[in-house]
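Subject: Structure handover

Hello,

Here is the structure I promised to pass on. My notes follow directly below it.

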Amino acid sequence: VVTMIFDAQGKLLTGADIETAVVTLEALGVDALGFNCGLGPKQMLPFVETACALLLVHPKKMIHYWRL
């Protein structure tokens, strides 16, 4: 399991975008990805939709859900 933090524009602290990180991590064989940031569920939804791996999301209000 790998977790990532990103800003409201979908950029990781390294400057990479979420799509690039997801492709890279899937190629490395991660079993699940996690998004953990200060955004709420509505703000995170567009980023969740870009990920195609098993995903664990921790939005600001700590509402958890899984998406395949």
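Which elements do the buried residues of α1 pack against? They pack against β1, β2 and α2. Please keep in mind that this is a predicted model.

Overall layout

The protein has two helices and four strands. Along the sequence they follow the pattern β-α-β-α-β-β. Of the 68 residues, 35% are buried. The exposed area is about 4,300 Å², and carbon and sulfur atoms supply 62% of it. Now take the contacts with a separation of 6 or more. Residues 24 or more positions apart account for 30% of them.

The strands β1 and β2

β1 and β2 pair in the parallel sense, over three bridges. The chain gets from β1 to β2 through α1, and this β-α-β crossover is right-handed. One of the residues to look at is M4, whose bridge partner in β2 is F35. Another is N36, also placed in strand β2. N36 counts as partly exposed, because its relative accessibility is 40% and that class lies between the 20% and 50% cut-offs. From N36 to T3 the C-alpha distance is 6.7 Å, although 33 residues separate them along the chain.

As background, side chains in a regular strand alternate between the two faces of the sheet.

The aromatic pair

How many aromatic pairs does the structure hold? It holds one. The rings belong to F6 and F35, with centres 5.0 Å apart and planes at 80 degrees, so the pair is edge-to-face. The cut-off behind that label is a plane angle over 60 degrees. The pair links distant parts of the chain. F6 sits in the loop between β1 (2-4) and α1 (18-27), while F35 belongs to strand β2 (residues 33-36). The two are 29 residues apart.

Are F6 and F35 buried or exposed? F6 is buried, at a relative accessible area of 6%. F35 is buried as well, at 0% relative accessibility. So F35 turns up twice in these notes: as the bridge partner of M4, and as one ring of the edge-to-face pair.

Helix α1

In α1, the buried residues are I18, A21, V22 and L25. They cover an arc of only 100 degrees around the axis, which puts them on the same side of α1. The face turned away from that buried side carries V23 and A27, which are exposed.

L25 deserves a separate entry. This residue is in helix α1. L25 has a relative accessible area of 15%, so it counts as buried, the cut-off being under 20%. Which residues does L25 touch, not counting residues up to four places away in sequence? They are V2, M4, V30 and L33. L25 and V1 are 24 residues apart in sequence, and their C-alpha atoms are 9.8 Å apart in space.

Helix α2

What are the buried residues of helix α2 (residues 41-50)? They are M44, F47 and V48. Seen down the axis of α2, they fall within an arc of 105 degrees, so they line one face of the helix.

F47 also appears in a long-range pair with Q9. The two are 38 residues apart in sequence and 9.4 Å apart in space, C-alpha to C-alpha. Q9 is in the loop between β1 and α1. Unlike the buried F47, Q9 is exposed, with a relative accessible area of 60%.

In brief

The buried residues of α1 pack against β1, β2 and α2. β1 and β2 are parallel partners. F6 and F35 form an edge-to-face aromatic pair.

Best regards

Key. Residues numbered from 1 in each chain as written. Predicted model: local features only at pLDDT ≥ 70, side-chain atom pairs only at ≥ 80, totals over all residues. Heavy atoms only, no water. Phe/Tyr/Trp six-rings, centres within 6.5 Å; stacked < 30°, edge-to-face > 60°. Buried < 20%, exposed > 50% of the residue type's maximum accessible area, 1.4 Å probe, protein only. Pairing = 2+ DSSP bridges. Right-handed = clockwise from strand over helix to strand, strands pointing away. Contact = heavy atoms within 4.5 Å. Areas by Shrake-Rupley, 256 points an atom, 1.4 Å probe, with all protein chains shown as cover. Arc of directions from axis to C-beta.
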